[in-house]
Amino acid sequence: AFGRRYGLIETVNTEDADIVLVTTATITSTARLAIRQLREEGKKVGLCKLRIFRPFPVEAIKNALEHVPKIAVLERNVSQGREGIFCSELKSTFINNDNPPKIQGYIAGIGGTNVDPDLIKKVVLHALQAASYTDGPIWMGGDEY
């Protein structure tokens, strides 16, 4: 009615990105600001917002991100005994690609703690500079990060 269209995912600045931050829900608004600031600093950073979880938008994500070398997934949830649910799904999306992107999960905002632009920038810079990624998530908000 108002001319708006909502796809399964929304991407920003992914075409030339060295890394893409994947987010959902309210973290995305804050991430837009952090991504803009990182772009102004000369970092080639993109953003991908997941609008749905089930069915997981495998083809839309592959089409949008298969050329990206690194992906950082920032989320507020943990699947018991593993990592964030979106990170697990993203890893399985690219598992059979010939040259899959490196994917690192980050957990922040658990229990309603604040996720501000500085924390998001730390996530992106950590993932961008990391020589290798871990199998499990990296918990953000403590003294170590």
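Is Leu50 buried or exposed? With a relative accessibility of 4%, Leu50 counts as buried, and the legends below describe this residue and other parts of a model that is predicted.

**Figure 1. Overall view of the predicted model.** The protein holds four helices and six strands, and read from the N terminus its elements follow the order β-β-α-β-α-β-α-β-α-β. The radius of gyration is 14 Å, close to the 15 Å that the globule rule gives for 145 residues, so the protein is as compact as a globular protein of that length. Along the principal axes, the C-alpha atoms fill a box of roughly 45 × 35 × 30 Å. Of the 145 residues, 43% are buried, and the area that the protein exposes is about 7900 Å², of which carbon and sulfur atoms supply 48%. Among contacts with a separation of 6 or more, 76% are made by residues 24 or more positions apart.

**Figure 2. Close-up of Leu50 and its surroundings in strand S3.** Leu50 belongs to S3, which covers residues 45-50, and Leu50 counts as buried because its relative accessibility is 4%, while the cut-off for a buried residue is under 20%. Leaving aside residues up to four places away in sequence, Leu50 touches Leu8, Ile9, Val22, Thr23, Thr24, Phe56, Ile61 and Phe86. Ile35 stands 15 residues from Leu50 along the chain, and the C-alpha atoms of these two residues are separated by 16 Å.

**Figure 3. Close-up of the salt bridge between Arg32 and Glu10.** Side chains of opposite charge can pair when their charged atoms come close. Here the side chains of Arg32 and Glu10 meet with an N to O distance of 2.8 Å. Arg32 lies in helix H1 (residues 27-40) and Glu10 in strand S1 (residues 9-12), so this pair ties together parts that are 22 residues apart in sequence. Both residues are partly exposed, Arg32 with a relative accessible area of 29% and Glu10 with one of 21%.

**Figure 4. Close-up of the salt bridge between Lys121 and Glu41.** The closest N and O atoms of Lys121 and Glu41 are 3.5 Å apart. Lys121 lies in helix H4 (residues 117-129) and Glu41 in the loop between H1 and S3, so the pair ties together parts that are 80 residues apart in sequence. Lys121 counts as buried at 16% relative accessibility, whereas Glu41 is partly exposed, with a relative accessible area of 48%.

**Figure 5. Close-up of the salt bridge between Arg82 and Glu83, with a note on a network elsewhere.** In the pair formed by Arg82 and Glu83, the closest N and O atoms are 4.0 Å apart. Arg82 is partly exposed, with a relative accessible area of 43%, whereas Glu83 counts as buried at 2% relative accessibility. Elsewhere, salt bridges that share partners join Glu10, Arg32 and Arg51 into one network, and the count of salt bridges comes to seven.

**Figure 6. Close-up of helix H4 and the elements that cover its buried residues.** H4 has 13 residues and reaches 18 Å from its first C-alpha to its last, which is close to the 18 Å expected at 1.5 Å a residue. The buried residues of this helix are Leu119, Ile120, Lys121, Val123, Val124 and Ala127. An α-helix has 3.6 residues a turn, so residues three or four places apart point the same way. The cover over the buried residues of H4 includes strand S2 (19-24), H1, S3, strand S4 (70-75) and strand S5 (102-107).

**Figure 7. Close-up of backbone features in three loops, at Pro55, Asn13 and Ala25.** Most residues other than glycine have a negative phi, and most peptide bonds are trans. Arg54 and Pro55 are joined by a cis peptide bond, with omega about -5°, and Pro55 is placed in the loop between S3 and helix H2 (58-65). Asn13, in the loop between S1 and S2, has a positive phi near 55° and counts as partly exposed at 32% relative accessibility. Ala25, in the loop between S2 and H1, also has a positive phi, near 50°, and counts as exposed at 51% relative accessibility.

**Figure 8. Close-up of a nonpolar patch on the surface.** Val78, Ile110 and Trp139 form this patch, and together they have about 260 Å² of accessible area. Trp139 is found in strand S6 (residues 138-139) and is partly exposed, with a relative accessible area of 44%.

Technical notes. Residues are numbered from 1 along each chain as its sequence is written. This is a predicted model: local features need pLDDT of at least 70, side-chain atom pairs count only at pLDDT 80 or more; totals for chains, interfaces and linings use all residues. Side-chain values use heavy atoms; hydrogens and water are left out. Patches are made of residues with over 30% relative accessible area and no salt bridge: like charges are joined within 9 Å, nonpolar side chains (Val, Leu, Ile, Met, Phe, Trp, Tyr) within 5 Å. Accessible areas come from the Shrake-Rupley method with a 1.4 Å probe; for residues, only the protein chains shown count as cover. Helices (H or I, at least four residues) and strands (E, at least two) are DSSP runs, numbered from the N terminus. Buried means under 20% relative accessible area, exposed over 50%, partly exposed in between (1.4 Å probe, protein chains only). Contact means heavy atoms within 4.5 Å. The expected span of a helix is 1.5 Å times one less than its number of residues. The radius of gyration is taken over C-alpha atoms; the globule rule is 2.2 Å times the number of residues to the power 0.38.
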